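Let's take a walk through this one together. Have the sequence and the fold side by side, and we'll go strand by strand before turning to a helix.

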Amino acid sequence: MTAAARVLRSLGARGETLAVAESLTGGLVAAELTAVPGASRSFRGSVTAYATSLKRDVLGVDGSLLAEHGAVGPEVAVQMAAGVRRVLDADWGISTTGVAGPEPQDGQPVGTVYVAVAGPSGVEKVTALRLNGRRADIRNESVRSVLELLAGELGGNARAQDTEQHGGN
């Protein structure tokens, strides 16, 4: 069973919903989720905020954070997940932000990715990834990683909870 199918099954069993905020993945997370039959029971929708201004204006990411640190960072990822959760009125929000290449961005090297989840009762987790490979590989691994992060939260995975506290993998 795919990570998307596991996530949607868990959400359905809980009666909860999911929204997605994507940057470098450009809609791939939403596509992976909607490929699962019955996804509409839990999947609310997504925002592909490729432009930095959309992260600020649509998702509510702090403008000073973006101006000071750029769009690729752990706090940006968390604010994107929390923002899409709020904007699309979902129980859970997940996000991807990073550099898929071919060039570095905001002083971050290609393969730098942050995936985050925001959920009920103030749950906020982020994982830092350092990925290698081609652009498509980086994007696909980002999709897998954000869905696994959420699956861990839905299943009470202690390692996922520890990731944010100790700065990633």
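**A hairpin and its neighbours**

Start at the hairpin of β4 and β5, where five residues lie between the strands and S121 takes a positive phi near 60°. Helices (H or I, at least four residues) and strands (E, at least two) are DSSP runs here, numbered from the N terminus. This is a predicted model, in which local features need pLDDT of at least 70, side-chain atom pairs count only at pLDDT 80 or more, and totals for chains, interfaces and linings use all residues. Residues are numbered from 1 along each chain as its sequence is written, and side-chain values use heavy atoms, with hydrogens and water left out.

The two hairpin strands, β4 and β5 (residues 124-130), pair in the antiparallel sense over seven bridges; pairing takes at least two DSSP bridges between the strands. T112 sits opposite R130 in β5. β4 also pairs with β3 (residues 92-98), again antiparallel, over six bridges, and there G93 has A118 as its bridge partner.

So how enclosed is β4 (residues 112-118)? Seven of its seven residues are buried (under 20% relative accessible area, 1.4 Å probe, protein chains only), so the rest of the structure largely encloses the strand. In a regular strand, side chains alternate between the two faces of the sheet. In β4 both faces are covered: T112, Y114, A116 and A118 are buried on one side, and V113, V115 and V117 on the other.

Now over to helix α1 (residues 3-14), where A3, A4, A5, V7, L8 and L11 are buried. The buried residues of α1 pack against β1 (18-22), α2 (28-34), β2 (43-48), β3 and α6 (135-154), with contact meaning heavy atoms within 4.5 Å. Just after α1, G15 takes a positive phi of about 70°.

Definitions and conventions: Buried means under 20% relative accessible area, exposed over 50%, partly exposed in between (1.4 Å probe, protein chains only).
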